[in-house]
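Thanks for coming. I will go through one model today, taking the DNA contacts and then the protein interface.

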There are 2 protein chains.
Amino acid sequence: MKRENDNEVVDFVKINKIKKLMPSDDLLFEIAEVFKVLGDTTRMKIISALLESELCVGDIAEITNSTQSAISHQLRVLKQSKLVKFRKEGKIVYYSLDDDHVITLYEIAKKHIEEGYVHK
Amino acid sequence: MKRENDNEVVDFVKINKIKKLMPSDDLLFEIAEVFKVLGDTTRMKIISALLESELCVGDIAEITNSTQSAISHQLRVLKQSKLVKFRKEGKIVYYSLDDDHVITLYEIAKKHIEEGYVHK
DNA sequence: TCTACGTATGAATAATTGTTCATATGTTTA
DNA sequence: TAAACATATGAACAATTATTCATACGTAGA
């Protein structure tokens, strides 16, 4: 995260104006974190499965063609970012989407991909 | 990406129904790719700066406290995912957001973070 | 209480990736 | 044409991370 003083176009007035408008580094970091969590194929498969129904770990593993362990690890990540929640029923743990945000994010990204191949 | 046949709860009817409803692995992969691109602090800073104004590489480097090289590399990634576009004016290259999708994704993720700290 | 089952977790490995450094490309001006 | 500038790019290194394997934890039934 160094800074160069050569070879740059710098309009400090403009730059400082933008810096003030931008969210804090902490907030930007956390926003990036959410996207990072969504930015994995396995976790995206989990999300898209949970989009259809609440599911237990074993079912998710089967649907995503992964192992129980891998899924359990990833569900932990999703849980920490408050993207999924769970409820226990005896020894079975049912997972579901925690938020409407997840659904919207998923749909917009899907649109972005699908439209990207049509034009341009 | 192996598959376990022990220790799982499997309702094949339910599972197959969900599998059919889910997008193809290819599409899910590409959706995850978009999120992966957004899932980096530096790139998120770039996005949030471009949200305010079109900017040249040097200005972005200054605003994000990074080197020209690092920013140039990251702009390349953002360009490939069609999240930013550019126009040249002499030797200066101006970058801007390519899509409305980016803006919406950014705003929803921001909401998710901000609301996540209020309740629950 | 023993066994079977569903899930969670820690450590290790392999693969991915962001930054740095050096340098190349292309453009403007003297 | 030479020099200065803005940006791009390739290679190398360091750091992060997803999966695997083994095993632990908790619950239900015999």
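A polar contact here is a pair of N or O atoms within 3.5 Å; within protein, one must be able to donate a hydrogen and the other to accept it, and residues adjacent in sequence count only if both atoms are side-chain atoms. This is a predicted model, where local features need pLDDT of at least 70 and side-chain atom pairs count only at pLDDT 80 or more, while totals for chains, interfaces and linings use all residues. Residues are numbered from 1 along each chain as its sequence is written, chains are lettered from A and ligands numbered from 1 in the order in which they are written, and side-chain values use heavy atoms, with hydrogens and water left out.

DNA strand D, then. A backbone N or O atom of B:V57 is 3.2 Å from a phosphate oxygen of the strand. For B:V93, again a backbone N or O atom, the distance to a phosphate oxygen is 3.4 Å. A base is reached as well: an N or O atom in the side chain of A:S69 lies 2.6 Å from a base nitrogen of DNA strand D.

There are 27 residues around the strand, and A:T42, A:S69, A:Q74, B:S69 and B:Y95 come nearest; near means a heavy atom within 4 Å. Of the strand's atoms that come within 4 Å of the protein, 67% belong to sugar and phosphate. Helix 5 of chain B gives the largest share of this surface, five residues. Helices and strands are DSSP runs numbered from the N terminus (H or I, at least four residues; E, at least two). By class, the surface near DNA strand D has eight nonpolar, twelve polar and seven charged residues. Ala, Val, Leu, Ile, Met, Phe, Trp, Tyr, Cys and Pro count as nonpolar, Asp, Glu, Lys and Arg as charged, and the others, Gly among them, as polar.

Now the protein interface. In contact (heavy atoms within 4.5 Å) are 69 residues of chain B and 69 residues of chain A. The two chains bury about 6,600 Å² between them, 64% of it from carbon and sulfur atoms. That is accessible area (1.4 Å probe) lost on putting the two parts together, summed over both.

How many salt bridges are there between chain B and chain A? Four, taking a side-chain nitrogen of Lys or Arg within 4 Å of a carboxyl oxygen of Asp or Glu. One of these joins B:D25 to A:K45, at 3.5 Å from N to O. Polar contacts across the interface amount to eight residue pairs, both residues at pLDDT 80 or more.
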